[in-house]
Amino acid sequence: MTLDRYRNVANRVLDPLVGAAARVGLTPDGVSIVAFLLAVGAGVAFFLAGGSLAVDGVLLPGGAEWYLVGSALVFLNGVLDLVDGQLARRLDVASPAGDLLDHVLDRYADIVVVAGLAAGIERYALGLAAVTGVLMTSYLGTQAQAVGLDRVYGGLVGRADRLALVVLATAVAPFLPGELGPLPLSVVGWLLVFFAIVGHLTAMQRFYHSLRALS
């Protein structure tokens, strides 16, 4: 993991935003829900990047420029994912129920973002491999806590790293529309390959760490 090392720096940068959220009466749960809705919007945008979508008879035109929209929405999702926890601590309302809601919404957000990326390029098997890697990484982190250990955040790639990679890859995707490398895959396709491989490796790292701690 790389970006989690700078969590304290991010917290200081976002402190004014947390203060503003507190002043206008936002709740941590409300921020978590807004963050999830942004992720849903990103998933739809990534799907539209690969083609059009009909909603109640209204045709939403597709195009690679939707990757830029999705990139911005994922960035905002990541920002709010930090704000909700800070806001809960500032308001002194942190609770197991709020933590549960945050983690459930984060997992669904991961699913819709990866599913949108895969559907946009019609690489469903690759998307399945990627989303299972992402989910197993998160599962092993919280399962350690369930068996009496501290929650595990270590490993090759954490959620903050994944979000940053999605933001970067989809920001450049409209400008690199062709296939790259030895396989017939676009930038987004290679991103899914990375999540599929490194996600499962990270999960195994966390499993090994937890198993050793329990031995």
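Me: Which side chain does Asp110 meet in a salt bridge at 3.4 Å, N to O?
Reply: Happy to start there, with the reminder that this is a predicted model. Asp110 lies in helix α4 and its partner in helix α6 (residues 159–172), so the pair ties together parts that are 52 residues apart in sequence. Both residues of the pair are buried. The side chain that meets Asp110 at 3.4 Å, N to O, is that of Arg162.

Me: How far apart are the closest N and O atoms in the salt bridge of Asp110 with Arg107?
Reply: Asp110 and Arg107 both belong to helix α4 (residues 96–121), three residues apart, about one turn of the helix. Asp110 is buried, and Arg107 is buried too. In their salt bridge, the closest N and O atoms are separated by 3.2 Å.

Me: Which residues are linked with Asp110 in a network of salt bridges?
Reply: Two partners have come up already: Arg162 and Arg107. The network that holds Asp110 also takes in other residues. Its members besides Asp110 are Asp81, Asp106, Arg107, Arg159 and Arg162.

Me: Why does the salt bridge of Asp15 with Arg90 tie together parts that are apart in sequence, and by how many residues?
Reply: The closest N and O atoms of Asp15 and Arg90 are 2.3 Å apart, and the two form a salt bridge. Asp15 sits in helix α1 (residues 7–23) and Arg90 in helix α3 (residues 66–91), so the pair joins parts whose separation in sequence is 75 residues.

Me: Is Arg90 buried or partly exposed?
Reply: The cut-off for buried is under 20% relative accessible area, and exposed begins over 50%. Its salt-bridge partner, Asp15, has 34% relative accessibility and so counts as partly exposed. With 40% relative accessibility, Arg90 is likewise partly exposed.

Me: Which residues are in contact with Val74, leaving aside its neighbours within four places in sequence?
Reply: A good place to look is the largest nonpolar core, which has 39 residues. Val74 is among those that touch the most other members, along with Phe46, Val83, Val113, Leu117, Val166 and Leu192. Helices α1, α2, α3, α4, α5 (124–146), α6 and α7 (187–214) each supply at least two residues of this core. Beyond its sequence neighbours, Val74 is in contact with Ala42, Phe46, Val113, Leu163, Val166 and Val167.

Me: What is the area of the nonpolar surface patch that includes Val172?
Reply: Val172 is in helix α6. This residue is partly exposed, because its relative accessible area is 37%. Leu68, Phe175, Leu176 and Leu180 make the patch together with Val172, and its area is about 430 Å².

Me: Where is Glu122, which has a positive phi although it is not a glycine?
Reply: Most residues other than glycine have a negative phi. The phi of Glu122 is about 55 degrees, and Glu122 is exposed, with a relative accessible area of 59%. Glu122 is found in the loop between α4 and α5.

Me: What is the relative accessibility of Asp92?
Reply: Asp92 is another non-glycine residue with a positive phi, near 55 degrees. Asp92 lies in the loop between α3 and α4. Asp92 counts as exposed because its relative accessibility is 70%.

Me: Which element of the protein chain has the lowest mean pLDDT?
Reply: The chain averages a pLDDT of 89, and 94% of the residues score at least 70. Helix α2 (residues 28–48) has the highest mean, 96. Where pLDDT is low, the predicted coordinates should not be read in detail. The lowest mean, 65, belongs to strand β1 (residues 53–55).

Note on methods
Residues numbered from 1 in each chain as written. Predicted model: local features only at pLDDT ≥ 70, side-chain atom pairs only at ≥ 80, totals over all residues. Heavy atoms only, no water. pLDDT = per-residue confidence, 0-100. Helix = DSSP H or I, 4+ residues; strand = E, 2+ residues; numbered from the N terminus. Salt bridge = Lys/Arg side-chain N within 4 Å of Asp/Glu carboxyl O. Buried < 20%, exposed > 50% of the residue type's maximum accessible area, 1.4 Å probe, protein only. Patch = residues over 30% accessible without salt bridge, like charges linked within 9 Å, V, L, I, M, F, W, Y side chains within 5 Å. Areas by Shrake-Rupley, 256 points an atom, 1.4 Å probe, with all protein chains shown as cover. Core = buried A, V, L, I, M, F, W, Y, C linked by side-chain atoms within 4.5 Å. Contact = heavy atoms within 4.5 Å.
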